[in-house]
Amino acid sequence: MESTRRKLLKAGWGLGLLAAFGAALVKPGRALAAWNKGAFEAKTMADGMKALGVANAVESSEIVIHAPQIAENGAVVPIDVTSNIPGTSSISVFIEKNPFPYTGTFDFAQGAIAFVHLRAKLGETTPVRAVVVAGGKYYTTAKEVKVTIGGCGG
Amino acid sequence: MRLASAGLLAGAALALLTSCAMQPRDHRPEALAMMKRDFHARGIAGMDRLNEDAVQAACNKYGDNPPRDVAENLQKAQVATIKWPADGKLLGDWKAGERIAQNGRGMSWSDKGGVGGSCYNCHQIGPGESSFGTIGPSLYRFGKLRGYGADMQRYAYGKIYNAKAYNLCSQMPRMGHVGALTEQQMKDLTALLMDPASPVNQ
Amino acid sequence: MADPMKIRATLQGDVADVRVLMAHPMETGQRKQGDKVVPLHFIQNVTAQLNGATVFSADISQSISRNPVFAFKVKGAKAGDKVVITWQDNTGDKRTDETTVRAAGS
Amino acid sequence: MRHALVLGIAAALAAAPWPQAAAQAPDPTAAEFDKFREKMEETNPAELFEAKGEELWRARRGPKNASLEQCDLGLGPGVVKGAYAQMPRYFADVDRVMDAEARIVHCMVALQGFKYEDLAKQPFSNATRTPDPVSITTYVAAQSGGMKLAAPQNHPKERATYEAGKAIFFYRAGAFDFSCASCHGEDGQRIRTQPLPNFTKPDQAIRAAQGWPGYRMTGGVMHTLQWRMNDCFRQQRFPEPAYASETLSALLAYLTVNANGHVYRGPGIKR
């Protein structure tokens, strides 16, 4: 959402037009923002963030990532992200060493609490990074998840 | 159909079983008969694999704890199976050895033959691999702790070739004896354990 | 046609704990079957509504595990509220299922 | 001479202190797995297969266009609740002990007219296909969730089958000299990072029994104990056991009876 708004502003759209779209923009539904192909197809986390419009993200201990230190199986790694930052409107997740690190953005509205549980594929030991949007600013934290060989390997 | 016929086939044996249920008895003959009915060969895993060889028979019979004389005789025969490299060299390339130790494939019905050593499934070995099993003892610093002498090299190579030559009912497979590893692969594994330059000995 | 989702929405105080299971292969486009690469096939978008209002929405990638599971929480919910969840994948396939919020233990 | 030398070294090594991995302390890796396993089981994709299985149980299918609602899982025709927790058990109509999936396959053959040979052709799940008996077994198992395992040992054949299962469990053979007990006969062992329960002890046997049928993270597929037994024999470097065969029912009788009295919490999630 934030990126959409920024792009609109950058593109020189007038405030009037923005106001007209205001209702739709405030609601962080996905109706307006299309699936961000550029961000999802980026091969590095930095490029993914850029395509998503993330800038000047501040490290924050108010974001809590609950994920295993060592995953039983990289194919299904449970990840909980909670943001305790007031006004959180979305949480994005990046799995830094995956071929396509940007994994998703979760938007909250109408009473939804800034929390999401998801299960992701981790190709190898990697930091899992969360980026939170709150009050138009970006906040971030990361947690390392170790992926090892579990069974007989045969 | 297997489902229904199995019961009929087992009938006689089971009738016998129930008639003398008061005494502890050996259920292995019926169990083996059941397995021979129910298993089929697949790929390289033939039905002959259900048959015990002398070592397996002794370990099965005595619950992995055979009497000393039985064990010693069989162990000597196992020592005699070890084919030592003709060139007399036991140390290969530890880097190749690490890859062989990591590989858990080989000798199953989904393999074409021997592949890897499956070593990390059961042993701690190199310091860089934290995902290791604990069925076998740790081999970390194998050479550093025991010395790099010729006898220890022979022991390492021989143990990989045929673990039963050293401990009759060891849980370790006889990698050379059954053809799961080639001579070069076993040399490479010996180097992984015994080469002073191997990360195992740092 | 895709198999139905399993949705559970349980009330804890005035917070609805919503968990959803989706039947989807989430193919990464990297997996081989025989010597053929299985094409990319994954859910791209998930939206959830509580009594008609969108409360949670997600854009996701093929990094989400096969048969995806998500959980989220909505404050101010009450027993009987309607939860509707929709997903859409990269082939345009879609699925919508619904449930009602239940009090814990009921 | 050579023999003596080799044996001498072996003896010296046996006496020497081996640098052991910290196997006795509680394994922190296993504890971490348990913590997250529990969390994942709260929302288990197995439920998707359970739903499918219930649909298949009720549907009129097969050459005889019949449902499975007259299938006797041991508690009377059509009684599903609690049946899984009381299998394997003896069934007089086939005069053998059957585990849950073997019984379901029997019902599909006897009531619906499916052919065993067809069901046995590709009995295990893969990325694109979940065989019907797998979904049905998952449904049946879920109807015993929270109940104590109570595989009966009343009929002489139930006792004999348990003993046969025990003998199979300890039988070492094959290319690698393995038995089931090579991996599952001692406490505190693991393969790579995977803990290996000791099936000879009730409190550990339940750890295996309660997780199956299981949604397996590897491949994201639903598997039953029939698959688990099959793949263990593959890793054991044995030939292949027939699907739903007596050998597998015997092993499952050994495992389940050892876990009797403990609460079944499946279907589970497996590595």
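## Where chain B meets chain D

β1(B) and strand β7 (residues 240–241) of chain D pair up in the antiparallel sense, over 2 bridges. Zoom in on β7(D) and you'll find D:P241 as the bridge partner of B:F39. Keep in mind that this is a predicted model.

Now step back to the whole interface. On one side, 78 residues of chain B are in contact with 60 residues of chain D. Put the two chains together and about 6100 Å² gets buried between them, with carbon and sulfur atoms giving 64% of that area.

What about charges and polar groups? The rule picks out 6 salt bridges across the interface of chain B and chain D. B:R37 forms a salt bridge with D:E246, where the closest N and O atoms sit 3.2 Å apart. Between chain B and chain D there are also 27 residue pairs in polar contact, counting pairs with both residues at pLDDT 80 or more.

So which parts of chain B do the touching? Several elements each supply at least two residues to the side facing chain D, including the helices α2 (28–38), α3 (54–61) and α8 (150–161), along with the strand β1 (39–40). α1(B) gives the most to that side, with 9 residues.

Here is the side of chain B that touches chain D, sorted by class:

| Class | Residues of chain B touching chain D |
|---|---|
| nonpolar | 38 residues |
| polar | 24 residues |
| charged | 16 residues |

Technical notes:
Residues numbered from 1 in each chain as written. Chains lettered and ligands numbered in written order. Predicted model: local features only at pLDDT ≥ 70, side-chain atom pairs only at ≥ 80, totals over all residues. Heavy atoms only, no water. Contact = heavy atoms within 4.5 Å. Buried area = accessible area lost by both parts, 1.4 Å probe. Salt bridge = Lys/Arg side-chain N within 4 Å of Asp/Glu carboxyl O. Polar contact = N/O pair within 3.5 Å; in protein donor to acceptor, adjacent residues only side chain to side chain. Helix = DSSP H or I, 4+ residues; strand = E, 2+ residues; numbered from the N terminus. Nonpolar A, V, L, I, M, F, W, Y, C, P; charged D, E, K, R; others polar. Pairing = 2+ DSSP bridges.
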